[in-house]
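Here is a structure to work through by question and reply. Please look at it before reading on.

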Amino acid sequence: MSTVQQTTFLRESVAFPFCKGCGHHHYVHNLDRAFAALQLDPQKACIVSDIGCIGILDALFATPHTFHTTHGRSTAFATGVELADGILHDSKLKSVVVIGDGGATIGLLHVVNAALMNVDVTVLVANNMLYGMTGGQNSGFSPLEFVTPTTPEGNIVPPMDICAMVKSCGAEYVTRVSATDKNLAGVIADAIAHPGFALVEIVELCTEFAIGRNKIDGKVIQSMSSGYEPALLPTTFARKEFCEEYKEKVLGRPAKTKDDTITQKYISSLRGAKRWVIAGTAGEKVQLSSYLLMRAGILCGLHATQKNDNPVTQGSGFSLSEVVMSSGDIHYTGITVPDAVIIASAEGLKEVTVNGTFARCAPSTVIVMEDSLPELQSPARVYRVPMRSLCTPLRATTSAAAALLARENLLPREAMAESIRLHVGEKAALYEQDIEKLLPLLA
Amino acid sequence: MSTPRIRIRTGNQMVAEGALHAGCLFFAGYPITPASGIYKSMIEELPKRNGVAISSPDEISALAYCVGASARGAKAMTATSGPGWSLMVETVQYALMTELPVVIAVVQRLGPSTGGATQGAQGDVLLTEYCTSGAYTIPVFAPSTAAECFEVTTLATYWAEELRTPVVVLSDKEIGMMSEDVNIDALHAWPVHQRKSVPAGENGAYKTYDFASPADVPLFAPVGGEHKTTITGSAHDKRGALQKNSPETIAVLRHLQEKVTARAEEMAYVKTDDDPGADTLVVSFGITARTAKEAAAQARAKGRRVRLVNVISLFPVPETLLTAAAEGCSRVLVAEENMTGQYRSVIRHLFPGKSVEGINGFGAMITPDAILERIMA
Ligand code: SF4
Ligand SMILES: [Mg+2]
């Protein structure tokens, strides 16, 4: 901690790199005055600068941390610094984003999101209404009729009002001032001191590119900055800073101790691999049935994989799941020739046809399908069973899989029963009844 | 031996578990299939460990938040897929230039553009590696199982911290979204490692990017700590002062590559399934490495001598290990699920005088038969 009062954070007798008369001179001096007025510990101050003429101010400062970032993204980097500081550390660091109107145009979302979060970042927008460093091109902040090398007839798109924008995002400290305002240092100091998101738009002149083309001077700037919606400086703040909110509402969430460890309890006679496809309608527990099957296999010491597929939207159309169970490691996780295919609905049937599963069925394949579906031409052994009416659509694929498993004698029946029981509790008895009804139909 | 404890996990979940094991305390995410599972796991788990897991409004913010948090001293990670990676590239370069460690899990899907969100692919090998101006080496590690997702993420975190650079875990849809049995007693983790920090009490003398020899990694000081830091993505000298092309600045830029190159041998990691008398080497990685194993088993059953290499450290290219693996082989088959043989194009020069052939798939997993046929040819 530094104990000596610091009157300036700038490097000793440093020459500013800005053009004569450029508003950035006022910006930098007043930022420095604000730091001094706040008596910030420079170790707890970080200037996060953007790209552009104003962005190179980092080199002018001697003591605070400086973080010179990419174009427009400075606010996002500062947000990351503050999240880590406020939640993982003691929240004492103050991050000040130094950004131009160009950076605020390309990186608007980061400013908006920091405002929405109310993270402890202070954004000081140097708005000189154009891109100075690259030759004076118009920006999203250029006023109407503003003449720049890229708007030679005068700008025909209205400028954005970033103050109104962040205010609409719940920002509580927002103001707009001229770079020559006598109270600029005080305004910046208040913004930095504010324990949450703050934004100050500092209206400036780029003497190199704005003057000459436009009838504009300091007086015009003064009137422009006060001509906007008046700056809003509330005296009471309703919102909690983001990190405080996060620590209170999210951190220390009780660790759910649901232990989902499985240890082998049963023995399977399976040698080699079995590859099953289960297809049906979204919302009818297709993926759950594969999971229970996989779990049963693991209870028997087998290796298992499960892959799910569904349309881009999650809750409609088909649902398809592939399970591989094997006594050895499962290397290839796909299914060339399926050992079993369970088809519970028209959506499922359509999908196994479209994705090629059906065409890859061989005489060794067993197909168990809902009997109301159309007849199939397949070399596979096909069992048509009324699984939807016998078991209800929600239990159809699980019960059909369990019945086929029992009939093929791949796993002890108790393994699948345990897997089902663990998931549905006492309703497991219903599945037992389903299996009893299905077994004779698979003979 | 007691009965192994098994858990059903996706590769995405195991990436998250690997990150947590490695001490990751900061995650920022943006949803994208097939990587969202990592985001969800971290949102569930990090707050329980007093860490930060946060939603961001886009991938640019996600990585920028991570890099900002890394500058404050946190181990940070994000996860995305090809389209999100494209947005992150500017910030990946920034992390590299500013020597701020971060881990990015890229779970590949079918491209280009928004492509096939739920369709697997291994088509982002070159996109991830060659995304920087100047083609600096970005360490890229590829897992092929859920258990390897855990291991590789601990390894990626180790190297990100050790090298102070962005490191990629290059997974894919199949590995990321598939569930499989994971023996949690057999998981392998790399040592938990922290970037080396500058000792206390030398304030004033600290240079943000100081090194004695070009391969050295500068000592870290956090933003907000006692040492004044000068972080910049612009060409800079050892103090972090912006400079055009002073000899010191060019030395700093060269050092960014040097520090990685110098450790290439140490980072090299492949898993070899050897047959000393093999005449054919199959090189693969990620999901296809599993398929290659199956094909090799079938080929061996038919009497064919074949050696397999599953490349975990795709970049820096494990040149010595690959060259050694090809010894005695007249053919090198490179199997990967992309159209043009991206990794093959990078490694083929390692095998002069040998026939280097591609086994490529596109739009679907490569089948064991497709690899077997080429082994037997
Ligand atoms: S170009 Fe414009 S903004 Fe840049 S330093 Fe000169 S006057 Fe200032
Ligand atoms: Mg500007």
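The turns below cover conventions, sheets, helix packing and a ligand shell.

Me: Which conventions apply to this model?
Reply: This is a predicted model, where local features need pLDDT of at least 70, side-chain atom pairs count only at pLDDT 80 or more, and totals for chains, interfaces and linings use all residues. Residues are numbered from 1 along each chain as its sequence is written, chains are lettered from A and ligands numbered from 1 in the order in which they are written, and side-chain values use heavy atoms, with hydrogens and water left out.

Me: What is the order of the open sheet of five strands in chain B?
Reply: Strands are DSSP runs of E, at least two residues, and helices are runs of H or I, at least four, numbered from the N terminus. Two strands pair if DSSP finds at least two bridges between them. The pairing here is mixed, and the edge strands, each paired on one side only, are β10 (270-273) and β15 (355-360) of chain B. The order is β10-β12-β11-β14-β15.

Me: Which residue stands opposite B:Glu336?
Reply: β14 (residues 331-336) of chain B pairs with β15(B) in the parallel sense, over six bridges. Opposite B:Glu336, in β15(B), stands B:Asn360.

Me: What angle does the direction of helix α10 of chain B make with that of β12(B)?
Reply: Axes are lines fitted to C-alpha atoms, for helices over the stretch in contact, and angles run from 0 to 180 degrees between N-to-C directions. Helix α10 (residues 286-301) packs on the sheet and touches β10, β11 (280-284), β12 (306-311) and β14 of chain B; contact means heavy atoms within 4.5 Å. Its direction makes with that of β12(B) an angle of about 170°.

Me: Is α10(B) roughly parallel or oblique to α13(B)?
Reply: α10(B) and α13 (residues 368-376) of chain B have axes 8 Å apart and pack at about 50°. Angles under 35 degrees count as roughly parallel, over 145 as roughly antiparallel, 65 to 115 as roughly perpendicular and the rest as oblique. Therefore α10(B) is, relative to α13(B), oblique.

Me: How many residues of the contact of α10(B) with α13(B) are nonpolar?
Reply: Ala, Val, Leu, Ile, Met, Phe, Trp, Tyr, Cys and Pro count as nonpolar, Asp, Glu, Lys and Arg as charged, and the others, Gly among them, as polar. The contact includes B:Ala292 and B:Ala295 of α10(B), and B:Ile371 and B:Leu372 of α13(B). Three of its residues are polar and two charged; the nonpolar ones number nine.

Me: Why are α9(A) and α12(A) roughly parallel?
Reply: α9 (residues 286-299) and α12 (residues 393-408) of chain A have axes 8 Å apart. The contact residues include A:Leu292 of α9(A) and A:Leu405 of α12(A). The two helices count as roughly parallel because their packing angle is about 30°.

Me: Which edge strands does the open sheet of eight strands have?
Reply: The order is β14(A)-β13(A)-β12(A)-β9(A)-β11(A)-β10(A)-β8(B)-β1(B), with mixed pairing. Neighbouring strands are turned by 20° on average, direction ignored. Those that pair on one side only are β14 (381-385) of chain A and β1 (6-10) of chain B.

Me: How many bridges join β10 of chain A to β11 of chain A?
Reply: β10 (residues 303-309) and β11 (residues 318-326) run antiparallel. A:Asn308 stands opposite A:Ser321 in β11(A). The bridges joining the two strands number seven.

Me: How many residues of the shell around ligand 1 are charged?
Reply: The shell includes A:Cys19, A:Cys22, A:His24 and A:Glu208, near meaning a heavy atom within 4 Å. Six of the shell residues are nonpolar and four polar; the charged count is one.
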